[in-house]
Amino acid sequence: MFWLYIVIALVVLGLITLGNSLKVIKQYERGVVFRLGRVTDDRKNPGMTAIVPFVDKLEKVNLQIITMPIPAQDGITRDNVTVRVDAVIYYKVVDPRRAIVDVENYHLAVSQVAQTSLRSIIGQSELDDLLTNREQLNQGLAIMIDSPAVDWGVHIDRVEIKDVALPESMKRSMSRQAEAERERRSRVIIADGEFQASNKLAQAAEVMANTPAALQLRLLQTIVEVSAEKNSTLVLPFPVELLRFLEGNTPTAAATSAEDVPAGTSGNDSTASAANASLSATFGAKDTKASLEDLNGIVRALSNSMRLNETMNLPASIKLPGSESSTAASANIAGNDEKAPA
């Protein structure tokens, strides 16, 4: 019976020893063996492996890419702006032996180096670089962290700046700056449009100056567009040529012209001579014939306006330009006829 107990104890001891000697290493892990406190060159690969029980100690190292957030760091940029920047770092172990032997805790070491490097990047950069040129800053930050991490058997895969927190006063200043920039762009666009429109209007004015009928057609088109809206008031421009004619026919000019009429001329001849003299005084002697043609055109335009007024059947309160002057002229002529002797 005693021997039976001894056998059972030996079997249990063998099972315990076998359990301590057999280890399973996962695919993403590597094993580092310490034999009596000294590291061996035999690196354990994934799968089942055996070690000497009670003599060897197996340390497993994860070779996966580790994602570590870097706590937000407060700093002052090179252009004296206080910011708060946080980032994230991606790294992995490439040499399990050095990661276990050369550094006590490579996770903590990488975290501390990342924080100090982030502070250095903040101090060396300007605010515009932190906001717009993050790719270059990420590369510089990765190089700064990777330099000491190489000695630890750790490779820095990449570093990304997540957020840049600005003070509220700086946010308001940037908002005003952006608004002013947009306002400047809008004014430049409006000015450019006005410049192009002025060029087109100048070309149109040149065409109308060469072709006077184009201005009349444009006026008629404007009348059609306004009348299509069912408006009760229609405004027509007053001809500038008529103003020039009236300006030339002042009483002084008429009296001077009457004095210059030779004796023995009839009334009609004197009136024509006075008109010619007034036109010559206004437009020049060479332009008298052209001025008479312009006057005939003005009279025809006023007659057309009167016919248009009668055709449209406008109310008495609405009169087209030229109709009132024509009506007054007709009334004066009628009065003169009545006063004339039989």
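The following exchange explains how terms such as buried, exposed and salt bridge are applied to this predicted model.

Me: What makes up the secondary structure of the chain?
Reply: The chain has twelve helices and eight strands. Of its 342 residues, 25% count as buried.

Me: Why is Leu 130 called buried?
Reply: Leu 130 has a relative accessible area of 1%. Buried means under 20%, and Leu 130 is therefore buried. This residue lies in helix α4.

Me: Which residues does Leu 130 touch, apart from those up to four places away in sequence?
Reply: Leu 130 touches Thr 77, Val 83, Ser 125, Leu 137 and Val 164. Val 83 is 47 residues away from Leu 130 along the chain, and the C-alpha atoms of the two are separated by 9.6 Å. The contact between them is counted on heavy atoms within 4.5 Å, so the C-alpha separation of 9.6 Å does not contradict it.

Me: Why is the pair Glu 126 and Arg 78 called a salt bridge?
Reply: The N to O distance between the side chains of Glu 126 and Arg 78 is 3.5 Å. The rule asks for a side-chain nitrogen of Lys or Arg within 4 Å of a carboxyl oxygen of Asp or Glu, so this pair qualifies. The pair links distant parts of the chain, 48 residues apart: Glu 126 is in the loop between α3 and α4, and Arg 78 is in the loop between β6 and β7.

Me: Why do Glu 126 and Arg 78 fall under the words partly exposed and exposed?
Reply: Exposed means over 50% relative accessible area, and partly exposed covers the range between 20% and that limit. Arg 78, at 51%, is therefore exposed. Glu 126, at 30%, is therefore partly exposed.

Me: How do you know that Asp 102 and Glu 160 also form salt bridges?
Reply: In the pair of Asp 102 and Arg 98, the closest N and O atoms are 3.4 Å apart. For Glu 160 and Arg 158 the corresponding value is 2.3 Å. Both values are within 4 Å, so both pairs meet the rule. Glu 160 is partly exposed at 24% relative accessibility, as is Arg 158 at 40%. Elsewhere, salt bridges that share partners join Glu 181, Arg 184 and Arg 185 into one network. The count by this rule comes to ten salt bridges.

Me: What makes the nonpolar surface patch, and why can Ile 8 belong to it?
Reply: Leu 4, Tyr 5, Ile 8, Val 12, Ile 16 and Phe 54 make a nonpolar surface patch of about 630 Å². A patch residue needs over 30% relative accessible area. Ile 8 has 44%, so this residue passes that cut-off. Ile 8 is found in helix α1, which spans residues 2–21.

Me: Which residues touch the most other members of the largest nonpolar core?
Reply: They are Val 83, Ile 89, Tyr 91, Tyr 106, Val 154 and Ile 156, in a core of 37 residues. Among the elements that give two or more residues to this core are β2, β6 and β7. Helix α3 gives the most, with eight residues. Leaving aside neighbours within four places in sequence, the contacts of Val 154 include Tyr 91, Tyr 106 and Val 110.

Me: Why are β6 and β7 said to pair?
Reply: Two strands pair if at least two bridges are found between them. β6 and β7 have nine bridges, in the antiparallel sense, so they pair. Ile 66 stands opposite Tyr 91 in β7. The hairpin of these strands has five residues between them.

Me: What makes Asn 80 and Leu 36 notable in their phi values, and why are both called exposed?
Reply: Asn 80 has a positive phi of about 65° although it is not a glycine. Leu 36, also a residue other than glycine, has a positive phi near 55°. Asn 80 is in the loop between β6 and β7, whereas Leu 36 is in the loop between β2 and β3. Their relative accessibilities are 67% for Asn 80 and 69% for Leu 36. Both values are over 50%, so both residues are exposed.

Technical notes. Residues numbered from 1 in each chain as written. Predicted model: local features only at pLDDT ≥ 70, side-chain atom pairs only at ≥ 80, totals over all residues. Heavy atoms only, no water. Helix = DSSP H or I, 4+ residues; strand = E, 2+ residues; numbered from the N terminus. Buried < 20%, exposed > 50% of the residue type's maximum accessible area, 1.4 Å probe, protein only. Patch = residues over 30% accessible without salt bridge, like charges linked within 9 Å, V, L, I, M, F, W, Y side chains within 5 Å. Areas by Shrake-Rupley, 256 points an atom, 1.4 Å probe, with all protein chains shown as cover. Core = buried A, V, L, I, M, F, W, Y, C linked by side-chain atoms within 4.5 Å.
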